[in-house]
Amino acid sequence: MGEERYLTIALTKGRLAKQTISLFEKVGITCEEINDPNTRRLIFVNEELKLHFFLAKGPDVPTYVEYGAADIGVVGKDTIIEEHRKIYEVLDLGFGKCRMCVCGPESAREFLKSQEQIRVATKYPNIAKDYFYNQRNQTVEIIKLNGSIELAPIVGLSEVIVDIVETGSTLRENGLVVLEEICPLSARVTVNPVSMRMENERITRILRQLNERNDSQL
Ligand code: PRP
């Protein structure tokens, strides 16, 4: 074998990290240090497989992959749609399943019916814009927030929100309901288009391994 370069894999911090790391471990792509909660290290190495790993904030993962700073990125479908980067989405990992929804108090249903110009709070302005402008043909005001989106209709910042619903308990505990479903979501593997060409064999092998051992799809 010739000199292999390091392939770099970007993983999403937070909710998806644990399941992603354990799936990689199942296929023998291990990296012990990444599990150390006390480490301040940002990049992890598997010398044997010539791999680098790093954890990044979800919305940054497609950016690293588009620029080729990461060859492979694991990230939620929500982030892929929202960020709209030039990357290949190659595999649905089947975990991190949830839905992108329009939510609000039951009383907000009439605003949707009557196509009123309402305020929509969201962490996903592009998804919200596309849904309301292109799919529903409803003019709305989009208000960008960075977290705890459910607060917005409660304190009167917006009439509805566009947000992720997983178990539905955040909505329930705050007296909100799903008003409309936009799309289903889950964790996806993305690849840089140039890497896909240049390192096709290695990347395809990793994808095949991940796909074969991924029982969360069943
Ligand atoms: C997400 C999402 C909802 C919640 C949905 O927020 O924005 O608030 O999870 O999950 P559930 O249906 O199981 O209750 P996250 O916890 O990621 O944090 P955030 O509020 O900072 O966005």
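The paragraphs below lead through the sheets, the pockets, the cavity and the ligand surroundings of this structure, which is a predicted model.

A convenient place to begin is the sheet built from six strands, which is open, has mixed pairing, and follows the order S2-S3-S1-S4-S11-S5. Its edges are taken by strand S2, residues 43-46, and strand S5, residues 88-92; each of these has a single partner strand, so one side of each is left without a neighbour in the sheet. From one strand to the next, the twist in this sheet averages 25°. At the S2 end, the pairing can be followed in detail: S2 and strand S3, which covers residues 51-56, run antiparallel and are joined over four bridges, and within this pairing phenylalanine 44 has phenylalanine 53 of S3 as its bridge partner.

The other sheet to consider is formed by five strands, again open and mixed in its pairing, in the order S8-S7-S9-S6-S10. Here the edge positions belong to strand S8 (141-144) and strand S10 (177-185), each of which pairs on one side only. Neighbouring strands of this sheet are turned against each other by 25° on average, when direction is ignored. Inside the sheet, strand S7, residues 119-122, runs parallel to S9 and is joined to S9 by three bridges; in this pairing, threonine 122 has valine 162 of S9 as its bridge partner.

With the sheets in place, the open spaces can be described. The largest pocket holds about 1,100 Å³ of space, and of the 41 residues that line this pocket, Arg15, Asp78, Lys123, Tyr124 and Ile164 are the closest to its centre. Elements from both sheets contribute to the lining, since strand S4 (72-76) belongs to the six-stranded order while strands S6 and S9 belong to the five-stranded order. In full, S4, helix H3 (77-83), strand S6 (98-104), strand S9 (160-165) and helix H7 (169-173) each supply at least two residues of this lining. Helix H3 gives the most to the lining of the largest pocket, with five residues. By class, the lining of the largest pocket divides into 13 nonpolar, 15 polar and 13 charged residues.

The second largest pocket has a volume of about 230 Å³. Its lining consists of Lys13, Ile34, Asp36, Pro37, Asn38, Thr39, Arg40, Arg41, Leu42, Phe44 and Leu55, which divide into five nonpolar, two polar and four charged residues. Phe44, listed in this lining, is the residue of the S2 and S3 pairing whose bridge partner is phenylalanine 53.

Closed space is a separate matter. Rolling a probe the size of a water molecule over the atoms shows where empty space is left. How many cavities of 30 Å³ or more does a search of the whole structure find? The search finds one, and the largest cavity has a volume of about 50 Å³. Leu11, Ile21, Phe24, Glu25, Ile29, Thr30, Cys31, Ile34 and Phe53 line this cavity, and helix H1, residues 17-26, gives the most to its lining, with three residues. The classes in the cavity lining are seven nonpolar, one polar and one charged. Ile34 appears both in the lining of this cavity and in that of the second largest pocket.

The last region is the one around the ligand, where 13 residues are found, and Glu150, Asp163, Thr167, Gly168 and Thr170 come nearest. Several contacts to oxygen atoms of the ligand can be given with distances. A polar side-chain atom of aspartate 163 lies 2.7 Å from a ligand oxygen atom, and an N or O atom in the side chain of threonine 170 is 2.4 Å from an oxygen atom of the ligand. For glutamate 166, by contrast, the contact involves the backbone, with a polar backbone atom 2.8 Å from an oxygen atom of the ligand.

Terms used: Residues numbered from 1 in each chain as written. Predicted model: local features only at pLDDT ≥ 70, side-chain atom pairs only at ≥ 80, totals over all residues. Heavy atoms only, no water. 1 Å grid on protein atoms, 1.4 Å probe; cavity = no way out; pocket = protein on both sides within 12 Å on 5 of 7 lines; lining within 4 Å. Points joined across faces, edges and corners; volume = space filled by probe spheres on them. Nonpolar A, V, L, I, M, F, W, Y, C, P; charged D, E, K, R; others polar. Pairing = 2+ DSSP bridges. Axes fitted to C-alpha atoms, helices over the stretch in contact; angles between N-to-C directions. Near = heavy atom within 4 Å. Polar contact = N/O pair within 3.5 Å; in protein donor to acceptor, adjacent residues only side chain to side chain.
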